[in-house]
Amino acid sequence: MCGIVGYVGEKQAQPILFGCLAKLEYRGYDSCGIALASGSLKVYKDAVRVGELAKASPQLDGMVGIGHTRWATHGEPSQINAHPHCDCAGEIAVVHNGIISNFQRLRNQLTSEGHKFVSETDTEVISHLVEKYYHGDLEEAVKVALRDVDGSYAIIVVLASESKLVVARKDSPLIIGIGDRENFVASDVPAILDYTNRVIYLEDGDIGVVTPDSVTVKSKGAEITREEHKILWSAEQAQKGGYEHFMLKEIHEQPKVIRDTLVEYTRAAEPIVDLERMRDVGAESMLILACGTSYHAALVGKYVAEELIGIPVRAEVASEFNYCGYSLSTPLAIAITQSGETADTLKAMKRVKEGGCRVVAITNVVGSTASRIANQTVYTRAGPEISVAATKSFMAQLMVLYWLAMSYSKADTRRLADMLMGIRQLPEKVKQVLDSEDMISESAEYLSRFDDVFFIGRGINFAVAMEGALKLKEISYIHGEAYAAGELKHGPFALLGSNTPVIAIVAQDNTYEAMLTNIKEVKARRSPVIALAEEGDEVIGELADSVITVPQTDALFSPVVNTVALQLLAYYTARQRGCPIDFPRNLAKSVTVE
Ligand code: G6P
């Protein structure tokens with residue numbers, strides 16, 4: 001959602017803060033700001049991207065400072081609403097990620113006590129609360145202030161006259177980076193990787209004091225040691241590496257991601273999730289919870305598990321699941337979340353866990369909140385994903401789900417042997433799709449002229465249609481709508497015509513004939529059809545206006561190659577339209593509010 005950073009050390013903080021913020025922009029980028037402390041506080045902020053603010057900013061002195069990159073929740077993006085936020089005296093500055101749910105009540109109370117608010121944000125109440133309770137000890141003031149606060153937060157607080165950062169977290173991620181006579185604080189690891197790979201993950205309820213040469217963390221008032229972790233991926237992995245956009249780089253990393261994730265789990269002595277144990281406790285069904293692209297992985301997982309394991313699987317959007325009333329009879333829930341921080345997914349996880357369910361998290365981020373809530377965590381090996389639109393993390397999630405279903409498959413040995421061979425060939429098959437980039441970018445050039453596009457598929461590839469439509473709308477701002485191909489005639493036909501292209505995903509499975517019929521129906525309404533079909537399909541070329549061919553795979557693996565083709569289609573369409581691909585408007589990579 002928002003990204004926060006802090007620095008305290010022996011160097012000038014300003015360039016370091018801007019550098020760290022630039023790496024955190026995927027968490028929000030509608031405005032940004034910094035505050036430096038050197039006897040007095042200097043705050044510089046605006047509703048612009050980090051690069052522009054850094055260029056426009058005067059040189060500000062100070063070896064301790066904080067920074068913020070915002071995804072607006074309370075108050076529109078503007079200079080006034082940008083963080084950091086200060087107290088009345090301009091002595092205390094705060095950056096915050098999360099939501100203070102009782103801020104209005106606190107604001108009214110503080111106003112009646114004489115505090116003057118300047119912004120519309122919920123965050124500003126924190127700076128005034130800290131001011132109210134500050135009697136010479138910043139840590140104590142933060143501790144007491146947070147007692148009044150409901151909601152979620154990761155905060156960093158600085159005082160004009162002190163060389164230290166006071167930090168706290170509840171339901172929003174926060175890490176401390178350990179350096180040599182300097183220390184860092186950030187919402188996420190990529191922010192600080194240029195400086196250190198030694199990281200401490202704070203836990204909910206922790207309050208920390210960070211100085212150039214010390215880090216003290218307290219939980220429930222008592223000092224506590226939080227383990228130091230070494231981050232194994234490098235700063236380069238979080239760079240573009242010669243690609244024009246992170247998204248394109250991440251799409252191209254997918255053969256490696258598939259390999260890395262599979263190697264991890266095929267070599268493991270234990271199965272990734274102990275479904276046998278689940279069976280002992282009567283698991284006859286499975287629940288998968290997720291949001292956004294991770295939800296589409298959940299849908300693919302549902303098809304695969306139902307076919308291979310033969311148990312009913314419910315895949316639910318976490319934000320809606322939180323309102324459903326049915327009893328939670330399933331003993332196993334899988335939560336899929338790339339970031340491990342999506343508020344709706346975390347809420348759903350807590351809910352099912354409280355209901356006695358064993359929760360397994362599939363996440364890409366070590367130490368994330370999801371991994372702490374879950375009974376067991378299965379890590380995907382996608383490496384850092386920076387572009388807001390998820391690509392390689394989705395692929396890694398699919399691999400875990402395939403492997404899980406194959407591990408407990410009731411399919412016969414021959415089918416399983418074929419699948420084993422098929423899954424091992426996937427990196428090469430994906431590479432073949434990547435090699436057909438030119439063909440895909442031609443279709444993208446055509447697509448970029450339209451305002452509305454339908455994506456249709458059946459069976460497992462309906463989930464792929466949903467993911468393809470999501471990618472297109474996220475980054476190209478074209479209205480992409482996914483429909484189960486058979487449902488198109490129950491309404492959307494009214495919209496079809498020469499200005500509404502239809503992308504039809506045609507897999508070689510039991511949906512094939514029905515898809516051909518659907519394409520004919522669409523053509524009869526004059527909609528241009530771009531088909532995504534397996535190479536060797538002789539029929540499709542006669543029906544569709546153009547065909548994007550993908551390599552042959554086992555039908556259960558067709559989502560892998562089809563998704564990569566649709567990622568590229570969305571990417572090149574957005575590029576054709578000149579969109580800011582890695583940082584699409586109004587979105588954020590990690591949505592830590594409900
Ligand atoms: C945001 C991102 C999406 C992502 C979704 C779920 O909306 O922009 O790319 O799919 O959150 O995120 P998660 O981290 O839970 O997978």
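Asn-586 counts as exposed, at 62% relative accessibility. The model in view is predicted. Asn-586 sits in the segment after α19 (558-576), and its phi is near 65 degrees, a positive value in a residue other than glycine. The protein around Asn-586 has 594 residues, 60% of them buried.

**Overall build**

- The protein contains 19 helices and 25 strands.
- The radius of gyration is 25 Å, which agrees with the value near 25 Å for a compact globule of 594 residues.
- Along the principal axes, the C-alpha atoms fill a box of roughly 75 × 55 × 45 Å.
- Among contacts with a separation of 6 or more, 71% link residues 24 or more positions apart.

**Surface and charge**

- The exposed area of the protein is about 22500 Å².
- Carbon and sulfur atoms supply 48% of that area.
- The protein carries 59 positive and 77 negative charges.
- The mean positions of the two sets of charges are 1 Å apart.

**Helix α13**

- Helix α13 covers residues 392-407, a run of 16 residues.
- From first C-alpha to last, α13 reaches 23 Å. That is close to the 22 Å expected at 1.5 Å a residue.
- The helix is mostly covered, with 15 of its 16 residues buried.

**Val-64 in strand β4**

- Val-64 belongs to strand β4, which spans residues 64-70.
- Its relative accessible area is 3%, so Val-64 is buried, the cut-off being under 20%.
- Leaving out residues up to four places away in sequence, Val-64 touches several stretches of the chain. Among them are Tyr-7, Val-8 and Ala-13.
- Ala-35, Leu-36 and Ala-37 also touch Val-64.
- Further partners of Val-64 include Val-158, Glu-162, Ser-163, Lys-164 and Leu-165.
- Ala-588 is 524 residues from Val-64 in sequence. In space the two are 27 Å apart, C-alpha to C-alpha.

**Thr-342 in a loop**

- Thr-342 lies in the loop that runs between β18 (332-337) and α11 (343-354).
- Despite its loop position, Thr-342 is buried because its relative accessible area, 14%, is under 20%.
- Neighbours within four places in sequence aside, Thr-342 contacts Cys-291, Thr-337 and Val-591.

**Backbone features to check**

- His-83 and Pro-84 are joined by a cis peptide bond, with omega about 0 degrees.
- Pro-84 is placed in the loop between β4 and β5 (85-86).
- Arg-181 has phi near 55 degrees, a positive value in a residue other than glycine.
- The loop between β9 (175-178) and β10 (183-186) holds Arg-181.
- Arg-181 is partly exposed, as its relative accessible area is 49%.
- Asn-586 also has a positive phi, near 65 degrees, and counts as exposed at 62% relative accessibility.

Definitions and conventions: Residues are numbered from 1 along each chain as its sequence is written. This is a predicted model: local features need pLDDT of at least 70, side-chain atom pairs count only at pLDDT 80 or more; totals for chains, interfaces and linings use all residues. Side-chain values use heavy atoms; hydrogens and water are left out. Helices (H or I, at least four residues) and strands (E, at least two) are DSSP runs, numbered from the N terminus. The radius of gyration is taken over C-alpha atoms; the globule rule is 2.2 Å times the number of residues to the power 0.38. Buried means under 20% relative accessible area, exposed over 50%, partly exposed in between (1.4 Å probe, protein chains only). Contact means heavy atoms within 4.5 Å. Accessible areas come from the Shrake-Rupley method with a 1.4 Å probe; for residues, only the protein chains shown count as cover. Lys and Arg count as positive and Asp and Glu as negative; His and the chain ends are not counted. The place of a charge is taken as NZ of Lys, CZ of Arg, CG of Asp or CD of Glu. The expected span of a helix is 1.5 Å times one less than its number of residues.
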